[in-house]
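I opened this notebook to record what I looked up in one structure. The entries follow the order in which I looked.

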Amino acid sequence: MSGVKRKRNVLNIKQKSEILQKLDNGESAGTDAEDVLNEENTISHSAALQSVETLLDYMGQRGFHYADITAVRKICVDIRQEMNKEQKQRSITDFLSSKC
């Protein structure tokens, strides 16, 4: 695999400081570094939905089987349900925080 460069994930100063502070306070920070790095690599629901819809368009143009297209449509439905669930949770959190 010579010639192939891998992206190196590195914590910034603020992220390192927050993890060290947790350790100083006696808190567990075992997965915090991994979580922070994964947040940067996480794709948004809207970007995922757009990609899947583009795939559906492609599949339709290329004459894929109905069952395959139906499976991809199910993925769209799942992403939209997850988006709605998160929006509902944000609305509840916003409502509760405004009442305090």
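**Entry 1: the exposed side of a helix**

I began with helix α3, where Gln50, Asp57, Gln61 and Arg62 are exposed on the other side from its buried residues. I used these cut-offs: buried means under 20% relative accessible area, exposed over 50%, and partly exposed in between, with a 1.4 Å probe and protein chains only. Helices (H or I, at least four residues) and strands (E, at least two) are DSSP runs, numbered from the N terminus.

I noted that this is a predicted model, in which local features need pLDDT of at least 70, side-chain atom pairs count only at pLDDT 80 or more, and totals for chains, interfaces and linings use all residues. Residues are numbered from 1 along each chain as its sequence is written, and side-chain values use heavy atoms, with hydrogens and water left out.

**Entry 2: the buried side and the length of α3**

Which residues of α3 are buried? I found Ala48, Leu49, Val52, Leu56 and Met59. They cover an arc of only 100 degrees around the axis, so they lie on the same side of α3. The arc is taken from the directions that lead from the helix axis to the C-beta atoms.

I then checked the length of α3, which holds residues 45-62. The expected span of a helix is 1.5 Å times one less than its number of residues. For the 18 residues of α3 this gives 26 Å, and the end C-alpha atoms are 26 Å apart, which agrees. Just after α3, I recorded a positive phi of about 75 degrees at Gly63.

**Entry 3: the whole chain**

I stepped back to the chain, which has four helices and zero strands. From the N terminus on, its elements run α-α-α-α. Of its 100 residues, 16% count as buried.

I also looked up the confidence, given as pLDDT, the predictor's value for each residue from 0 to 100. The chain has a mean pLDDT of 76, and 67% of its residues reach 70 or more. Among the elements, α3 has the highest mean, 89, and helix α2 (residues 32-41) the lowest, 55. Where pLDDT is low, the predicted coordinates should not be read in detail.

**Entry 4: the nonpolar core**

Which residues make up the largest nonpolar core? I counted a core as a set of buried Ala, Val, Leu, Ile, Met, Phe, Trp, Tyr and Cys residues joined through side-chain atoms within 4.5 Å. The nine residues are Ala48, Leu49, Val52, Leu56, Met59, Ile69, Val72, Cys76 and Ile79. Helices α3 and α4 each supply at least two of them, and α3 gives the most, with five. In soluble globular proteins, nonpolar side chains tend to be buried together.

I looked at Met83 as well, which has its place in α4. At 27% relative accessibility, Met83 counts as partly exposed. Its C-alpha atom is 9.8 Å from that of Leu49, although the two residues are 34 apart along the chain.

**Entry 5: salt bridges**

How many salt bridges does a search of the whole structure find? It finds three, each a side-chain nitrogen of Lys or Arg within 4 Å of a carboxyl oxygen of Asp or Glu.

- Arg80 and Glu53 meet at 2.5 Å, N to O. Arg80 lies in helix α4 (residues 66-99) and Glu53 in α3, so the pair ties together parts that are 27 residues apart in sequence. Arg80 is partly exposed at 36%, as is Glu53 at 31%.
- Lys74 and Asp78 meet at 2.6 Å, N to O. Both lie in α4, four residues apart, about one turn of the helix. Lys74 is partly exposed at 47%, and Asp78 at 33%.
- Lys85 and Glu82 meet at 3.4 Å, N to O. They are separated by about one helical turn, because they are three residues apart in α4. Lys85 is partly exposed at 45%, and Glu82 at 29%.

**Entry 6: the aromatic pair**

My last search, for aromatic pairs in the whole structure, finds one. Tyr58 and Phe64 form this pair, 6.1 Å centre to centre with 55 degrees between the planes, which is tilted. Rings of Phe, Tyr and Trp (its six-membered ring) pair if their centres lie within 6.5 Å; planes under 30 degrees apart count as stacked, over 60 as edge-to-face and the rest as tilted. Tyr58 is partly exposed at 41% relative accessibility, and Phe64 is partly exposed at 37%.
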